[in-house]
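Grab your viewer and work through a few exercises on sheets, a helix and pockets. Try each task by yourself before reading its solution.

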Amino acid sequence: MAIPVIDFSKLNGEERSKAMAQIANGCEEWGFFQLVNHGIPEELLERVKKLSFECYKLEREEGFKNSAVVKKLNDLVEKKSGEKLENSDWEDVFLLSDDNEWPSKTPGFNETMAEYRCELKKLAEKVMEVMDENLGLPRGYIKKAFNGGDGENAFFGTKVSHYPPCPHPEKVTGLRAHTDAGGVILLFQDDKVGGLQILKDGEWIDVQPLPNAIVINTGDQIEVLSNGRYKSVWHRVLAMSDGNRRSIASFYNPWLKATIAPAPALVETVNHETDQAYPMFVFGDYMSVYAEQKFLPKEPRFHAVKAM
């Protein structure tokens with residue numbers, strides 16, 4: 001079983017309806033799909049690969065070797081117990097957003113990532129428009145909901161991760177299983193080193209590396225807006241004994257003050273009873289709950305935020 005691969009350029013031609021249906025299936029049945037021919041220049045993607053690797057080697061690698069997770073794993077191995085390392089991820093990660101300080105020692109990194117983020121944000125908005133259309137919502141509905149109106153308040157962040165070779169991958173996870181809290185996630189993953197898996201029908205399935213594809217997945221807020229028609233999906237990253245997996249995930253998330261609720265058009269009323277499956281809440285409140293419960297089942301998060 002393989003994650004759907006969709007040619008995004010087909011939206012502009014005679015096969016538009018087929019491509020729309022493929023994206024609908026990706027959202028409804030998988031929660032994950034890969035886009036090829038997505039319009040982001042390959043030259044830019046090649047630069048991102050090269051510079052993110054250089055940034056890791058120059059600015060991050062030594063710090064990771066001395067990190068808490070490496071020390072914890074070494075201690076566990078020394079004890080020679082059969083235990084696994086819980087509550088830790090074998091991951092080096094930092095965030096790029098419009099309001100934080102970026103690494104500055106790697107020549108060209110900041111300029112390239114600013115250009116990349118601009119392209120990814122545009123792609124996210126195109127994907128959301130396709131979701132609007134597939135769900136029968138007005139064009140721009142999801143974007144407007146995430147921005148809390150017509151402004152540009154939504155949060156767009158980019159998480160740059162590396163998963164270095166792990167000497168004992170059976171004892172630690174690269175990234176523990178979770179669903180994503182936010183809206184639309186666009187992942188530029190390593191095209192050689194695997195490890196990303198999604199949970200489908202009770203089985204962990206690999207998200208196959210595909211050169212220069214962008215992996216799309218839906219977060220918890222898309223699940224709420226669609227009243228459960230689209231689901232956020234559990235995923236994880238395995239630690240690997242060789243290779244240094246690159247993973248650059250960009251998140252188009254609601255503004256913290258945005259109110260999120262199922263779109264009224266997707267809530268049916270039968271005998272004066274509505275089938276609204278999710279509460280209305282302020283996204284910032286949801287994030288407070290998520291910070292505590294990220295690696296726990298998601299349904300209690302919705303109950304907790306409903307009670308706030």
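What follows is a set of exercises on this predicted model, each with a worked solution.

**Exercise 1. Work out the strand order of the seven-strand open sheet, and find its edges.**

Step 1: Trace the pairings from one end to the other. The order comes out as β1-β2-β9-β6-β11-β4-β3, and the pairing is mixed.

Step 2: Look for strands that pair on one side only. Those are β1 (5-7) and β3, the edge strands.

Step 3: Check how neighbouring strands are turned against each other. Ignoring direction, the average is 25°.

Step 4: Zoom in on one pair. Strand β2 (residues 32-36) and strand β9 (residues 214-218) run antiparallel and are joined by four bridges. Here Phe32 stands opposite Asn217 in β9.

Step 5: Add a helix to the picture. α1 packs on this sheet and touches β1, β2 and β9, with its direction at about 150° to that of β2.

**Exercise 2. Do the same for the open sheet of four strands.**

Step 1: Read off the order, which is β5-β10-β7-β8, with antiparallel pairing.

Step 2: Name the edges. They are β5 (173-178) and β8 (203-206), each pairing on one side only.

Step 3: Get the twist. From one strand to the next, it averages 30°.

Step 4: Pick out the contact between β5 and strand β10 (residues 235-238). The two run antiparallel, with three bridges between them. For Thr173, the bridge partner in β10 is Leu238.

**Exercise 3. Is the length of α4 close to or far from the expected span, and which strands does the helix lie across?**

Step 1: Take the residue count, 27, and the distance from the first C-alpha to the last, 38 Å.

Step 2: Compare with the expectation. At 1.5 Å a residue you'd expect 39 Å, so the helix comes close to that value.

Step 3: See what comes after the helix. Gly136 follows α4, and its phi is positive, near 75°.

Step 4: Place the helix against the strands. α4 lies across β2, β3, β4, β6, β9 and β11, and runs at about 55° to β11.

**Exercise 4. Describe the largest pocket: its volume, its lining and the elements that build it.**

Step 1: Start with the volume, about 560 Å³.

Step 2: Go to the lining, which has 33 residues; the closest to the centre are Lys159, His178, Asp180, Phe251 and Lys294.

Step 3: Assign the lining to elements. At least two residues each come from β3 (92-96), β4 (155-163), β5, β6 (184-189), β10, β11 (245-253) and α7 (283-293). β11 gives the largest share, five residues.

Step 4: Sort the lining by class. You should end up with 20 nonpolar, seven polar and six charged residues.

**Exercise 5. Repeat the analysis for the second largest pocket.**

Step 1: The space in this pocket is about 290 Å³.

Step 2: Its lining has 17 residues, and Leu11, Asn12, Arg16, Lys126 and Val130 are the closest to the centre.

Step 3: Two helices stand out here: α1 (16-30) and α4 (109-135) each supply at least two lining residues. The largest share, five residues, belongs to α4.

Step 4: By class, the lining has six nonpolar, five polar and six charged residues.

Key:
Residues numbered from 1 in each chain as written. Predicted model: local features only at pLDDT ≥ 70, side-chain atom pairs only at ≥ 80, totals over all residues. Heavy atoms only, no water. Pairing = 2+ DSSP bridges. Axes fitted to C-alpha atoms, helices over the stretch in contact; angles between N-to-C directions. 1 Å grid on protein atoms, 1.4 Å probe; cavity = no way out; pocket = protein on both sides within 12 Å on 5 of 7 lines; lining within 4 Å. Points joined across faces, edges and corners; volume = space filled by probe spheres on them. Nonpolar A, V, L, I, M, F, W, Y, C, P; charged D, E, K, R; others polar. Contact = heavy atoms within 4.5 Å.
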